[in-house]
Structure formats: structure tokens, C-alpha cells
Amino acid sequence: MKIDIINTIIAINPNAVVSVSGDDVNRIEWLENTPVIANNIILAKQLELQSAEDNKEIIKEQNKQLALTKLSALGLTEAEIKSIIG
């Protein structure tokens, strides 16, 4: 999942009210007296959040592979494993 600019801003300031055109950090409209957050802070937070999201996906895939290996080691066939996991 791609972390967009609005979700990044909300992660920094959950009360922020903004509009963003084209998911472009240079095209943010700060609404309802929301304090402006510097672009470099937004981009750094976006990178942090994206890295965390990417790591979740990697761990999920690693866990799946580990489970498949364990099921295979128990003697289940590939067809049996597929019937369990769908």
C-alpha cells in the first residue's frame, strides 16, 4: 500500500484539515487554520511510514513461506496445503 501525502499529514497532526492535488507535497492547501507543516518534515514522515508498511508486507510474506515450509515438513502434499490456505 502506498502512503499518500494526506495520510502522512494526518499521522503528524490527526486534527489537520488539508486538500492535496495530485498527491504533490507542493500542492497542499491548509484549511481551517491548520498549522502548516514543512515539506521536508512531511516527506521524511512519509518515508518512515512507507518503510514500516513495506516491512509489514515483507514479514507477512516471510510468515506465509515459513508456514508452507512447516506444513510441507509435516508431510502434507502441495494439494493438501493449497486446500487449507485456499
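# Briefing: a buried glutamate, a long-span helix and a nonpolar core

Glutamate 53 is buried, at a relative accessible area of 12%. Here buried means under 20% relative accessible area, exposed means over 50%, and partly exposed lies in between, with a 1.4 Å probe and protein chains only. The model is predicted: local features need pLDDT of at least 70, side-chain atom pairs count only at pLDDT 80 or more, and totals for chains, interfaces and linings use all residues. Residues are numbered from 1 along each chain as its sequence is written, and side-chain values use heavy atoms, with hydrogens and water left out. Helices (H or I, at least four residues) and strands (E, at least two) are DSSP runs, numbered from the N terminus.

**Helix H2**

- Helix H2 covers residues 39-73, which makes 35 residues.
- Its expected span is 51 Å at 1.5 Å a residue, and its end C-alpha atoms are 51 Å apart, so the two values agree. The expected span is 1.5 Å times one less than the number of residues.
- Which residues of H2 are buried? They are Ile42, Gln46, Gln50 and Glu53.
- These buried residues pack against helix H1 (5-12) and strand S2 (28-30). Contact means heavy atoms within 4.5 Å.
- Isoleucine 58 also sits in H2. It counts as partly exposed, at 45% relative accessibility.
- The C-alpha atoms of isoleucine 58 and asparagine 15 are 31 Å apart, with their positions 43 residues apart along the chain.
- Lysine 64 is another H2 residue. Its relative accessibility is 43%, which counts as partly exposed.
- From the C-alpha atom of lysine 64 to that of isoleucine 85 is 9.8 Å; the two residues are 21 apart along the chain.
- Glycine 75 comes just after H2 and takes a positive phi of about 100°.

**Salt bridges**

- How many salt bridges does a search of the whole structure find? It finds four. A salt bridge is a side-chain nitrogen of Lys or Arg within 4 Å of a carboxyl oxygen of Asp or Glu.
- Side chains of opposite charge can pair when their charged atoms come close.
- One of the bridges joins the side chains of lysine 2 and aspartate 23, at 2.8 Å from N to O. Lysine 2 lies in the segment before H1 and aspartate 23 in the loop between strand S1 (18-20) and S2, so this pair ties together parts that are 21 residues apart in sequence.
- Lysine 2 is exposed, at 58% relative accessible area, whereas aspartate 23 is partly exposed, at 31%.
- Glutamate 53 pairs with lysine 56, with the closest N and O atoms 3.9 Å apart. The two residues are three apart in H2, about one helical turn.
- The partners sit in contrasting settings: glutamate 53 is buried, and lysine 56 is exposed, at 54%.
- Lysine 82 pairs with glutamate 78, with the closest N and O atoms 3.3 Å apart. Both lie in helix H3 (residues 78-85), four residues apart, or about one turn.
- Lysine 82 is partly exposed, at 49%, and glutamate 78 is exposed, at 57%.
- An α-helix has 3.6 residues a turn, so residues three or four places apart point the same way.

**Nonpolar core and helix H1**

- The largest nonpolar core has nine residues: Ile5, Ile9, Ala16, Val18, Val20, Val25, Ile28, Ile37 and Ile42. H1 and S1 each supply at least two of them.
- A nonpolar core is a set of buried Ala, Val, Leu, Ile, Met, Phe, Trp, Tyr and Cys residues joined through side-chain atoms within 4.5 Å.
- In soluble globular proteins, nonpolar side chains tend to be buried together.
- Valine 18 touches Ile6, Ile9, Ile28, Glu29, Trp30 and Leu31, not counting residues up to four places away in sequence.
- The buried residues of H1 are Ile5, Thr8 and Ile9. They cover an arc of only 100° around the axis, which puts them on the same side of H1. The arc is that of the directions from the helix axis to the C-beta atoms.
- What covers these H1 residues includes S1, S2 and H2.

**Threonine 34**

- Threonine 34 lies in the loop between S2 and H2. Is it buried or exposed? It is buried, at a relative accessible area of 9%.
- A polar atom of its side chain lies 2.9 Å from the backbone nitrogen of valine 17.
- Threonine 34 touches Asn13, Asn15, Ala16 and Val17, not counting residues up to four places away in sequence.

Key
A polar contact is a pair of N or O atoms within 3.5 Å; within protein, one must be able to donate a hydrogen and the other to accept it, and residues adjacent in sequence count only if both atoms are side-chain atoms.
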